[in-house]
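Welcome! Please open the structure in your viewer and get ready to select a few residues as we go.

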Amino acid sequence: STNENGIFMIGDAAGVIAPITGDGIGMAFQSAEIISQILNNVRSGKYSIKEAGNHYQTEWDSLFRKRIYISYIIQRVVLNGCGRMLSVNILNNIPKILPYFIGVTRG
């Protein structure tokens with residue numbers, strides 16, 4: 001959850017991304033930017049704190065949920081003995097696939 005009793009989570013506190021993708025810092029910056037904009041709306045009276053939590057969760061999910069899921073799958077495959085060998089073979093034979101996976105996990 002990105003909101004616990006009015007405390008908003010950013011970065012890894014909101015959802016840990018697999019270390020293999022290496023984008024935790026980027027997610028922290030993006031989630032901080034999102035919550036700062038939302039909290040400005042709370043301060044101006046546009047949202048209540050509860051509405052802010054709902055907006056933040058929705059925006060966070062739309063930006064990060066897919067990345068986290070794909071990163072988790074990549075990590076599981078790469079850390080598996082057979083999956084690791086298969087991954088190396090695929091990357092050696094189709095090197096253009098690596099930038100695709102980097103793009104999918106980095107947004």
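What follows is a short walk through this model, one selection at a time. Keep in mind that the model is predicted.

**Stop 1: helix H2**

Select residues 49-79, which make up helix H2. Where does H2 bend? Look at Asp61: the helix turns there by about 45°.

Now colour the buried residues of H2: Ala52, Gly53, Tyr56, Trp60, Phe64, Arg67, Ile68, Ile70 and Ser71. What do these buried residues pack against? Show strand S1 (3-4), strand S2, helix H1 (24-43) and helix H4 (97-106), and you have their partners.

**Stop 2: a salt bridge at the bend**

Stay at Asp61, the site of the bend, and add Arg65. These two form a salt bridge, with their closest N and O atoms 2.8 Å apart. The count for the structure comes to one salt bridge.

How far apart are Asp61 and Arg65 in helix H2? They are four residues apart, so about one helical turn separates them. In general, an α-helix has 3.6 residues a turn, so residues three or four places apart point the same way.

Switch on a surface to see how each partner is covered. Asp61 is partly exposed at 27% relative accessibility, and Arg65 is also partly exposed, at 42%.

**Stop 3: two rings**

A search of the whole structure finds two aromatic pairs. For one of them, select Phe8 and Tyr56: their ring centres lie 6.0 Å apart and their planes meet at 80°, so this pair is edge-to-face. The pair links distant parts of the chain, as Phe8 sits in strand S2 (residues 7-8) and Tyr56 in helix H2, 48 residues apart.

Are these two rings' residues buried or exposed? Phe8 is buried, with a relative accessible area of 16%, and Tyr56 is buried too, at 0%.

**Stop 4: a patch on the surface**

Next, select Tyr69, Tyr72, Ile73 and Val77. Together they make a nonpolar surface patch of about 400 Å². Zoom in on Ile73, which belongs to helix H2 and is partly exposed at 36% relative accessibility.

**Stop 5: across to helix H3**

From Tyr72 in the patch, move on to Val88, in helix H3 (residues 81-93). Draw a line between the C-alpha atoms of Val88 and Tyr72: 18 Å separates them, with their positions 16 residues apart along the chain. Val88 is partly exposed, with a relative accessible area of 41%.

Note on methods. Residues are numbered from 1 along each chain as its sequence is written. This is a predicted model: local features need pLDDT of at least 70, side-chain atom pairs count only at pLDDT 80 or more; totals for chains, interfaces and linings use all residues. Side-chain values use heavy atoms; hydrogens and water are left out. Helices (H or I, at least four residues) and strands (E, at least two) are DSSP runs, numbered from the N terminus. Buried means under 20% relative accessible area, exposed over 50%, partly exposed in between (1.4 Å probe, protein chains only). Rings of Phe, Tyr and Trp (its six-membered ring) pair if their centres lie within 6.5 Å; planes under 30 degrees apart count as stacked, over 60 as edge-to-face and the rest as tilted. Patches are made of residues with over 30% relative accessible area and no salt bridge: like charges are joined within 9 Å, nonpolar side chains (Val, Leu, Ile, Met, Phe, Trp, Tyr) within 5 Å. Accessible areas come from the Shrake-Rupley method with a 1.4 Å probe; for residues, only the protein chains shown count as cover. A salt bridge is a side-chain nitrogen of Lys or Arg within 4 Å of a carboxyl oxygen of Asp or Glu. The bend at a residue is the angle between axes fitted to the seven residues ending there and the seven starting there. Contact means heavy atoms within 4.5 Å.
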